[in-house]
Amino acid sequence: MSELLPSEHSFCVDSSLKTLAVSLPETALEIAAHLGLSDLKRATWAWLELSGAVLSHYLVDQEARLQRLIRWYYQELGFKPKENYFGADAADLGYCLLHREGNSTTLAVVLMLLGKQLDLALEPVLLPGHTLLLHRRGKERRYLDPLSGKFVSHHYIHALVRGEMGNSARLKPAHIKPVKLKRLLTRMLHELKSGCIVSNRFESALECCNLLLQWHPDDIHIHRERAFIAQQLGCITLAASDLQYFVEQNPHDPMIELVKMQLRDLSEHAETYH
């Protein structure tokens, strides 16, 4: 994905607070800084240092080059899963660059970008709740787990899907199909949102919803999530508006009566957030 290299792809994000017009990997770094998470300047320098250092590991043989990259990334640099895996820091690309810890998505993105520097194509695959990297070797398709740096079997991938969706879930071709830039950024924003909620950073979580709704304005589930977050902040008008939208757009949802109860409850509260 050449779009993930610095200065090669412009991607605009129009939020309620300001407009970002930046390039990847700076796009994800700008978003994290915009949310009040990692420091943009330090994270950018960390990326530049890594992207320059990786060039010394260029080997003529592609397989040897890939194995060298993996060994350097995990063993020498020490990239690893963050202990607080579901917190905001683990989902922050800048934090991953600075502290060499992250979740499956941030670890995958950094490794994918470094691979691009070595002319190695690693493509993101978004399983439910987990990100893998696809590497094509001739007709062979291999899947690398960014948490361990090891290639994994279809049986392992199916186990990940079942763990997220239930034992009856089947492994479908769509699960292991690589995604484009917008899908990847959407996954990163959803994980930042969830991490901010877990970390009680509700204002940042609300802004994640605002950004997501710029790209997916009709997504009723994001509207409902924003309603929950807005309610935590005392932003009753926004919460009620989002819940009303959910009711109107999805009247047959099994949770609709619960949402209507939430709406009635909100109508009894005064606005406290400004």
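This is a short dialogue about pockets, cavities and salt bridges in one predicted model.

Biologist: What should I know about the model before I start?

Modeller: The model is predicted, so local features need pLDDT of at least 70 and side-chain atom pairs count only at pLDDT 80 or more, while totals for chains, interfaces and linings use all residues. Residues are numbered from 1 along each chain as its sequence is written, and side-chain values use heavy atoms, with hydrogens and water left out.

Biologist: How do I read empty space, and which cavity does the search find?

Modeller: Rolling a probe the size of a water molecule over the atoms shows where empty space is left. On a 1 Å grid over the protein atoms alone, a cavity is a set of points where a 1.4 Å probe fits but cannot get out; a pocket is an open set with protein on both sides within 12 Å along at least five of seven lines; lining residues have an atom within 4 Å of a point. Points are joined across faces, edges and corners, and a volume is the space filled by probe spheres set on them. Here the whole structure has 1 cavity of 30 Å³ or more, and the largest cavity holds about 70 Å³. Its lining includes Ala28, Trp215 and Asp92.

Biologist: Where does the largest share of that lining come from?

Modeller: From helix H7, with 4 residues. Helices (H or I, at least four residues) and strands (E, at least two) are DSSP runs, numbered from the N terminus.

Biologist: And how much space lies in the largest pocket?

Modeller: About 500 Å³. The pocket is lined by 21 residues, and among those nearest its centre are Arg187 and His190. Helix H7 (residues 181-198) gives the largest share here too, 10 residues.

Biologist: How do I read a salt bridge, and how many are there?

Modeller: Side chains of opposite charge can pair when their charged atoms come close. The rule asks for a side-chain nitrogen of Lys or Arg within 4 Å of a carboxyl oxygen of Asp or Glu, and the count comes to 11. In one of them, Arg226 meets Asp242, with the closest N and O atoms 2.6 Å apart. This pair links distant parts of the chain, Arg226 in helix H9 (residues 220-232) and Asp242 in helix H10 (residues 236-249), 16 residues apart.

Biologist: Is Asp242 buried or exposed?

Modeller: Buried means under 20% relative accessible area, exposed over 50%, and partly exposed in between (1.4 Å probe, protein chains only). Asp242 has 2%, so it counts as buried, and Arg226, with 13%, is buried as well.
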